[in-house]
Amino acid sequence: AVDYAVDKAGMVKALGYGFWLPTGQLTKFSYANIPNLTERTYDPAKAKQLLKDAGYADGFKTTLYYQSTASSDVLVAFSTNLQAVGIQATLTPVDITRFSQLQTGGWKGLIFDVFRESPDFLQSLANVMSTGVTYNVSLQRPSGWQDLLDKALATGDSAAKATMAQQLNKLAFDNAMTIPLYQSGSIVIMGNNVHPGTTGLQNGSAGGGAIVWDAPNFWLSKK
């Protein structure tokens with residue numbers, strides 16, 4: 001129901017500056033992507049019906065935790081979509097220490113985090129979604145998840161690895177383990193006339209090097 005309630009395309013159009021792509025699965029670009037997967041798309045009527053079928057015709061209240069350093073724009077859009085179908089998600093920013101405590105000690109409600117699939121999708125998946133890690137302890141792991149993940153990590157056959165990675169991706173989708181919103185790359189701008197405004201830097205000073213993309217704040221000077 002939550003997945004159907006969220007207007008990912010609208011969110012990406014309004015906030016992604018052309019650099020995000022909406023997604024309904026864990027990955028769009030790696031070998032684990034399922035090209036022909038029929039993803040869940042924005043359908044608030046269906047979301048309301050699913051809530052009704054689950055016994056929540058009047059919706060329910062929950063909490064949405066996120067790191068206080070994260071931009072709240074996406075979270076506001078997300079919670080607004082949920083409210084439209086009857087789910088009242090209270091936005092709750094927490095510092096990094098509290099966020100880590102929630103990830104390792106458990107949480108009730110929803111938690112917003114970033115899945116980084118670099119340098120390898122399966123290894124990244126194992127780092128945060130394996131049953132053997134002390135991270136994301138409140139995440140639902142369906143039956144067969146860990147066995148399939150272990151087999152995928154152990155194989156030396158690239159074709160078998162890709163097949164099992166896609167099976168894991170499909171298992172996550174079928175069981176709504178997560179609600180993927182969008183995917184983006186690591187976008188940087190290079191040049192000696194690039195200035196970061198209030199953003200952080202990578203590789204040195206504003207006079208050169210790479211600056212993390214932060215569209216509202218960067219500016220260019222004349223060379």
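Here a colleague and a modeller talk through a predicted model.

Modeller: Welcome! Residues are numbered from 1 along each chain as its sequence is written, and side-chain values use heavy atoms, with hydrogens and water left out. Because the model is predicted, local features need pLDDT of at least 70 and side-chain atom pairs count only at pLDDT 80 or more, while totals for chains, interfaces and linings use all residues.

Colleague: Thanks! How many helices and strands are there in the protein?

Modeller: Helices (H or I, at least four residues) and strands (E, at least two) are DSSP runs, numbered from the N terminus. On that basis the protein has eight helices and ten strands.

Colleague: Is α7 roughly parallel or roughly antiparallel to α8?

Modeller: Axes are lines fitted to C-alpha atoms, for helices over the stretch in contact, and angles run from 0 to 180 degrees between N-to-C directions. The axes of α7 (residues 145-154) and α8 (residues 158-174) come within 9 Å and cross at roughly 155°. Angles under 35 degrees count as roughly parallel, over 145 as roughly antiparallel, 65 to 115 as roughly perpendicular and the rest as oblique. Therefore α7 is, relative to α8, roughly antiparallel.

Colleague: Which residues of α8 make that contact?

Modeller: Contact means heavy atoms within 4.5 Å. From α7 come W145, L148, L149, K151 and A152. Their counterparts in α8 are K161, M164, Q167, L168, L171 and A172.

Colleague: Lovely. Which strands stand at the edges of the open sheet of three strands?

Modeller: Two strands pair if DSSP finds at least two bridges between them. The order in this sheet is β3-β2-β4, with parallel pairing. One side of each edge strand is left without a neighbour in the sheet, because each has a single partner strand; these are β3 (87-94) and β4 (110-111).

Colleague: And which residue stands opposite Y65 in β4?

Modeller: Strand β2 (residues 60-67) pairs with β4 in the parallel sense, over two bridges. Opposite Y65, in β4, stands I111.

Colleague: At what angle does α4 run to β3?

Modeller: Helix α4 (residues 73-84) lies across β2, β3 and β4. Its direction relative to β3 is about 160°.

Colleague: One last residue: is S30 buried or exposed?

Modeller: S30 sits in the loop between β1 (21-22) and α3 (44-53). Leaving aside neighbours within four places in sequence, S30 is in contact with E117 and F121. Buried means under 20% relative accessible area, exposed over 50%, partly exposed in between (1.4 Å probe, protein chains only). With a relative accessible area of 17%, S30 is buried.
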